[in-house]
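Colleague: I have a few questions about this model. Could we go through them one by one?
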Amino acid sequence: MGTTGPTIEDRSSPQTATPAVELIDITKAFPGVVANDRISLAAMPGEVLCLLGENGAGKSTLMSILSGIYRPDGGRILVDGRAVNIDSPRHGRDLGIGMVYQHLSLIPTLTVLENLMMGSNPGLSLDREGARTRLGELSRQLGVSVDADARAGSLALGQQQQVEIIKALWKGSRVLILDEPTSMLTPQGITELQDVLRGLKRSGLAIIFITHKLHEAVAIGDRVAILKQGKVVGRLDPADLAAMTPDEIQSRIVAAMFGSSAAPDVADIAELRPTSGLTTTARHLSNEPLLEVVDVSADAAGGEHTLADINLEVRGGEILGVAGVDGSGQRTLAEVIAGQSRHTAGSIRLGGVTIDGLSISERQALGLRYVTDDRLGEGVVSSYPLSLNLVLKRIGQPPFWRGGRVDRAQIRRSAQESIRVFDIRTPSSETRIGKLSGGNIQKALLARELSFEPRCVVFNKPTHGLDVRTIVAVRERIRALAQDGVAIVVISNDLDELVDLSDRVAVLDSGRITGVVPAGPDAEVRIGELIVGVAAPQTVG
Amino acid sequence: MPDLFTSGFLTALVVGGLVAGVPLLFAGLGEIIAEASGVLNVGLEGMMLAGAFIGFVATLLTQNVWFGLAAGAVAGLLLSLVMVLFCIRLGLDQIVVGVAIVLTVEGATAVLHATLYGESYPRLDAAPRFAIPFLSDLPVLGGSLFTQPVIVYLGFILVGVVAWVLRSTSVGLHLRAAGEQPASLDAAGVDVVRIRSVAEMVCGALAGLGGAYLAIVGAGTFVPFVTNGMGFIAIVIAMLARGRAWWSVIGAFLFGMSLSLTTALQLVGIDVPVDVVQMLPFVSVIVVLVIFARDARLPSALGLPYLRGSR
Amino acid sequence: MTSPLTSPEAVVDVAPPTTRGAGLGDALVRSLGPIALALITCGALLAIVGRDPFAFYSDILQAGLLRPSGLQDSITRMAPILLVAAGMIVAFRAGMWNLGSDGQYLLAAACVAGTAPSVLAAVPAPLGWLVLGLVGMVVGASWTIVPAWLRARYGLNEIVTTLMMSFVGSGLANLLVKGPFDGPSTVPQTAVVDPSLLLFDLPGTRIHIGVIVALIAVATIYWVFSRTSFGMRIDVLGANARAAQHVGIRVSRLIIVTFLLSGALMGLAAAVDMLGIFGYMRADWNPAYGLKVVPLVFLARLNALAVIPFAAFFSVLSIGGEYAARRAQLPSDFLLLVIGLVLTFMVVTQYLTDKRDRGEPILPRRKAGMARA
């Protein structure tokens, strides 16, 4: 797609300061794709530069180049005006470029102090005292407090991110790069992060903030660069941001990203509006609840909060969202309903029938399906062909297995059908599924779970990491399912998505449901309040 | 009921346990280091065996125990380079390469021993010992327990050194990080492959040293398959140790004593079948594993090759 | 225990038959290449220790293949090899490293040899063989229960547990042979079964029907994995244990069943040897098939039918090698060296061909700039 839309002219005043880091015509290609195409950017000290673009636009590649993991095929990098070649992550850090990755990279079994000393301890013997002093300095600079001797895995996600920032700044930095830092934070955590960034700006640090959410970019950025398919397709400098109204900024960005005739729903899905306020077409809901979770408690699947006294009800044709940050018990809840984990108290009913003692296969036979968020880890066998993965939950069952013997032709035929119906892009039905893109793997998972008449489907983060077109397709499919009378649970940490899809949203915080919010114009605000946890009674630690 | 606590019995048991356990001490310590960094050394048995053979031959030729021990350590080190190249650098499967090492070394040492010494079966002189003043004058056990070849004392000191390195140095920290989450270590700018290679080479050297000790001091000779499963016991010790260096001492002596139990019992007139006694160390391992199954914890990245950017 | 260990499946990427697109030539290179390299290397080593490699190898061929009696011995030797290989394939495809096959074999052999005289005296021969075969299978299977349970329940590393059980099993077998099963002879061994009561030979040969049993077992295992849902579940478990759980496979149960089946096949190998060739078991005897069969199973890429030619190769090497080693005044442990080198070369060859298939450079470039596939 070649449309770039009208370029937003750079009307900024001449630069008076040297950029902390500057990329000039950076190009990087991989087999089959040009990830970065002559990109030029400058991050100024004391400013936040937001890199905005959807998944797959080339942001991560660019950051990997800056942090030293990749070498660019073409172009130059300047640090404080001097040309450099960044050979390795260590070299990048020595140059003062600190990176905080989206997926936290602390080692959970080591202490905070050990994590910080890793790779940066001068000499052989560990200088714990020196590290403690430095930690104190940086904590004060950030305005946070961190327990140096706590095991990193025991910290809340927001705190872990703070440690990561401290780690990135450890050796003294001039640039701090944050890759999608808000994806795992509560609204309160996001506010805290903004405060931290403001403080860092004042001390002269240049900050690069990578995101795919427009409202974040506009709220946090002093300067915005828009990436699309490897190119910079638009820029907004401080003067622009000051001069234009929020609506003008928005439409300029939408135009740059999707062309001036972009459909409104595409714009919404690209997280352009913090509140969507969409109302779905009226759906007929069943009278009786189809899925009931009654007083369920469960021990957590690794690293998560224990579930306590969960009560949920979903009627046929209804979409119930479950909001909460990572670690609040979302995965445990999904696994308990699906049958992968056992609950320690309470009961689950499907269509009035208690399913507590039933195995995963038995629950599936009753129409209960689970689309996991961990696609490659447990959703598929990546070395197996697509066709086999599509029938993986039906091993031994007709029509694919008869009398215990496999019918490969039937498996292939069925796969062809699924490829067609779900628009899975693949060279063939026998391609190794690991070779397909994330979006197509997700479509394959959907094809698998939504076949053979589902009655109730649990989705865990159904659109994370996908490109916009696939996100649209997945959400459409969820709505269509609901239209068919299927009871749906969508678990996600993406509030915008939940508000967009759900009829009601339950908030899961520290293993408990703290409230249920019906769809409406103020839904997102109310959900946010509940996530912050105004009244959390007895939370079991 | 024969008096079990005669000095003869205790000496045979404890000191015999010491002698039998020293090879395990070295090999176990080495494996603790390797496993902490994320490398599972199934080939340990082969490295010990190679150390035993080369150490034996070197001592026979030079009549110098130190040279023999060093040669054994070098033999183990060279074999560990196979693991370093194939598994750590190229990312091939650690267990398969380990099995290949064991098979090849067993065959090679058997053949070489037969061709060189098949007729003569030479034995070595007893290794020189050093009596620790004062301690070796203690009653009952003092004489034998504290009069050991110097390498034994060095072994204990080494355990302390390794414990300190793992806990209080950057090398030790990086090693542990490599075993838990190598991607984070890589992001911190530390060379994961290099730290694992170093850990593996140290492990190989210590295993070879342990094997050499077995042949030179313990048995005084080499016979094919002389290690008889010790390498695998060392792996178990390392798994139970969970990165704590001092466990190599505990494990080595417990298992060493179960090996020396036959001789000790025979001294007091209790005749236990050889087979039972030989089974004892392995049975005790199983029992320990069954009891402590819940607690056995290994570094998360153990056994997985680290390849940057791999899916 | 939280560590996901490498599984045998990760070593040989065992995708179902539909995706194996590599040509015949490729398969030959992968399987014959390592063997050829190992033989050449051993030949060089032979020369170094002053033996004539050509004479050595021709002795092997003579004694193992060309002479009719030798050929028959080789074919007979295939019986236990195939059964042990089948047992390993079952375990390896599930991602379980059953390295304790020696202990399972020996204990089963002791029980079969020890009870054979009484059973065959009480019950007519063919039925007696069936009973003894079952004895062997049950004993072999039971010896896997502890490692299987530790793995299924606690995720405890089965490499270590099966190895430990192996040492205990061989010790226990010795105790049985020297104790309750000890026969009248002055040497510690079980009572010798009358040769007329042993397994029949194929007409006109000295090859006992245990070979047929082994071939049937191997064919059955192949069919299980290529056709049945049970086999598919085992394969999925080996390919991705978490996915296996996610798709509803009862992982704990399957782990145990797989181990039991594997152990049973080892026990059957023991029964076949006892009833086909030996008729008794001596104390302190261990043919140690286990580790030696591992390379064959990998060369065959965990395919039960494909393991047959490799088993044949190994048998010829084994039978012929005993003779050739005696003549060259070398220990027969020489075989270990050959088979160890075969495994080493196999690993390297597989690595090289995998890299070539994926279009990746052979040596990973560790500097920044390495392309992500």
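Colleague: How many Å apart do the C-alpha centres of domain 2 of chain A and domain 3 of chain A lie?
Modeller: This is a predicted model. In chain A, domain 2 covers 285-367 + 454-541, and domain 3 covers 375-452. Their C-alpha centres are separated by 26 Å.

Colleague: Which helix gives the largest share of the side of domain 2 of chain A that touches domain 3 of chain A?
Modeller: On that side, 11 residues of domain 2 of chain A contact eight residues of domain 3 of chain A. Five residues of the domain 2 side come from a single helix, residues 468-483 of chain A. That is helix H17 of chain A.

Colleague: How many nonpolar residues has the side of domain 2 of chain A that touches domain 3 of chain A?
Modeller: Three residues there are polar and two are charged. The nonpolar residues number six.

Colleague: Which element of chain C has the lowest mean pLDDT?
Modeller: Chain C averages a pLDDT of 87, and 90% of its residues score at least 70. The highest mean among its elements, 96, belongs to helix H12 (residues 251-278) of chain C. The lowest, 62, belongs to residues 8-11 of chain C, helix H1.

Colleague: Over residues 16-21 of chain C, how many contacts beyond four places in sequence does the model have?
Modeller: pLDDT stays under 50 over this stretch of chain C. Where pLDDT is low, predicted coordinates should not be read in detail. Residues 1-5 of chain C also stay under 50, with 16 such contacts. For residues 16-21 of chain C, the count is 10.

Key:
Residues numbered from 1 in each chain as written. Chains lettered and ligands numbered in written order. Predicted model: local features only at pLDDT ≥ 70, side-chain atom pairs only at ≥ 80, totals over all residues. pLDDT = per-residue confidence, 0-100. Helix = DSSP H or I, 4+ residues; strand = E, 2+ residues; numbered from the N terminus. Contact = placed C-beta atoms within 7 Å. Domains from an automatic or database assignment. Nonpolar A, V, L, I, M, F, W, Y, C, P; charged D, E, K, R; others polar.
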